[in-house]
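Here is a short report on the structure shown below. Keep the sequence at hand while reading.

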Amino acid sequence: MTHEFKNIIEGYLRAVTKDLKTVLASVVALEGSSYRRPGVRMLIREDGKMTGAVSGGCVEKEILRQSQSVFANGKPKLMTYDGRYRLGCEGILYILIEPFSVNKEFLEAFNNTFQERKPFTITSYFNRNVEENTDFGSYVKFEGELLYPISENISEEKENLETFSQTLKPSIKLIILGAEHDAVQLCALASLNGWEVTIVAPEDDPKTKLNFPGANAIINTSPRSFDYDLIDQETAVVLMNHSFSKDIEFLSRMVNSSHRYIGILGPGRRREKLFDKLLENLSDIDPSFFDSIHAPAGINIGAETPQEIAVSIIAEILAVFREQEVYQLKDKKGSIHAEN
């Protein structure tokens, strides 16, 4: 979700260069089921162009129509969309539409927060009456106590209103150790999901970001020189070196890193050889380290091609980060989405 808000900020900045007003539409409440849950947002420019979406495509036209009054008078409003009669999802969406106009300090705080990979919180004030109300609106809280309004004209009176608050974590970071053709496919798919992708290539490998569409960075280095502080609790690491010795070097240095997922290509017998060698070199390894290693990487979907293998690995990483058991949704009881 963080990358979606980043796209909204970028869309806003493009609108500013064209001297166009923008409004923000946020799903702040839901009764029943829907394609997306509260917290999803989209930006609308006064020329009708949109950044993001709040559904599979059915709701956006109505939001565009309802946003015209906000462009005209600058007053936030709440609208509802009843999907029980028009969508396959049997729910009612409550959507807050408000002017989006942030200052330089907001943009600087957002950029710093994004670059430093820190969480931030968005809180929206509303009630479930379909109406215009200048007391409605959203604030963003970055690190510290200072609140930044979504609109510079937002009222400070917030009594007797319902709130929806959402903390957005840093985007998943994917570090791919390896720079062969299969790494290109994994990089592209991860980038499509809004992940921050770093490619770690050998020192003597001339590849650049041009070889890896969607990559945020490419680092040409050795296992010994790589900066392991780049790995945090929102980071997944996939070893795609196709080199047993390099895998051992990297794994040996990641024993004490703060990772959540390490994936390794190759069959189960290769995994056992890697583990045996690690224990031979580092006999005091905490057993929990091996629990974080997924080898072979990915879930069992019958993947054959590099593109399919990338889908398998991405799916496994998501399951680990979202703490979900992997099985077919048709076998799941109750709601598709986890409860907040």
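Glu 60 touches Met 42, Met 50, Ala 53, Val 54 and Ser 55, leaving aside residues up to four places away in sequence. The model is predicted. Glu 60 lies in helix α2. Its relative accessibility is 7%, so Glu 60 counts as buried, the cut-off being under 20%.

**Strand β1 and its partners**

One residue that Glu 60 touches, Met 42, leads on to the strands. Met 42 sits in β2, opposite Ala 25. The strands β1 and β2 (residues 41-45) are joined by five bridges and run antiparallel. β1 also pairs with strand β5 (residues 91-99). That pairing is antiparallel too, with nine bridges. Here Ala 29 stands opposite Tyr 94 of β5.

How much of β1 is buried? Eight of its eleven residues are, so the strand is mostly covered.

**Salt bridges**

Side chains of opposite charge can pair when their charged atoms come close. In this model the count comes to 14 salt bridges. Three of them are set out here.

| Salt bridge | Closest N to O |
|---|---|
| Glu 31 with Arg 128 | 3.3 Å |
| Glu 62 with Arg 65 | 2.7 Å |
| Arg 271 with Glu 272 | 2.7 Å |

Take Arg 271 and Glu 272, whose side chains meet in a salt bridge. Arg 271 has a relative accessible area of 26%, so Arg 271 is partly exposed. Glu 272 is partly exposed as well, at 37% relative accessibility. Elsewhere, Glu 31, Arg 128 and Glu 162 are joined into one network by salt bridges that share partners.

Within that network, Glu 31 forms a salt bridge with Arg 128. This pair links distant parts of the chain, 97 residues apart. Glu 31 belongs to strand β1 (residues 22-32). Arg 128 lies in the loop between β6 (120-126) and β7 (137-141). How accessible are the two ends? Glu 31 has 35% relative accessibility and counts as partly exposed. Arg 128 is also partly exposed, with a relative accessible area of 33%.

The salt bridge between Glu 62 and Arg 65 is set within one helix. Both residues are in helix α2 (residues 60-73), three residues apart. They are therefore separated by about one helical turn. Is each partner buried or exposed? Glu 62 is buried, with a relative accessible area of 18%. Arg 65 counts as exposed, at 54% relative accessibility.

**Helices α1 and α3**

Two packed helices are described by the angle between their axes and the distance between the axes. For helix α1 (residues 2-17) and helix α3 (residues 104-115), the angle is about 145 degrees. Their axes are 12 Å apart. The crossing of α1 past α3 is left-handed.

Which residues make the contact? From α1 come Thr 2, Phe 5, Lys 6, Ile 9 and Leu 13. From α3 come Phe 106, Leu 107, Phe 110 and Phe 114. By class, the contact of α1 with α3 has seven nonpolar residues, one polar and one charged.

**The four-stranded sheet**

Now to the sheet. Four strands form an open sheet, and their pairing is antiparallel. What is the strand order? The order is β8-β7-β6-β9. The edge strands, β8 (147-149) and β9 (162-168), each pair on one side only. From one strand to the next, the twist averages 25 degrees.

Inside the sheet, β6 and β7 pair over five bridges in the antiparallel sense. Ile 122 stands opposite Val 140 of β7.

Both helices lie across strands of this sheet. α1 lies across β6, β7 and β9. The direction of α1 is at about 75 degrees to β6. α3 lies across β6, β7 and β8. The direction of α3 is at about 125 degrees to β8.

Methods: Residues are numbered from 1 along each chain as its sequence is written. This is a predicted model: local features need pLDDT of at least 70, side-chain atom pairs count only at pLDDT 80 or more; totals for chains, interfaces and linings use all residues. Side-chain values use heavy atoms; hydrogens and water are left out. A salt bridge is a side-chain nitrogen of Lys or Arg within 4 Å of a carboxyl oxygen of Asp or Glu. Helices (H or I, at least four residues) and strands (E, at least two) are DSSP runs, numbered from the N terminus. Buried means under 20% relative accessible area, exposed over 50%, partly exposed in between (1.4 Å probe, protein chains only). Axes are lines fitted to C-alpha atoms, for helices over the stretch in contact, and angles run from 0 to 180 degrees between N-to-C directions. A crossing is left-handed if the near helix is turned anticlockwise from the far one by less than a right angle, and right-handed if clockwise. Contact means heavy atoms within 4.5 Å. Ala, Val, Leu, Ile, Met, Phe, Trp, Tyr, Cys and Pro count as nonpolar, Asp, Glu, Lys and Arg as charged, and the others, Gly among them, as polar. Two strands pair if DSSP finds at least two bridges between them.
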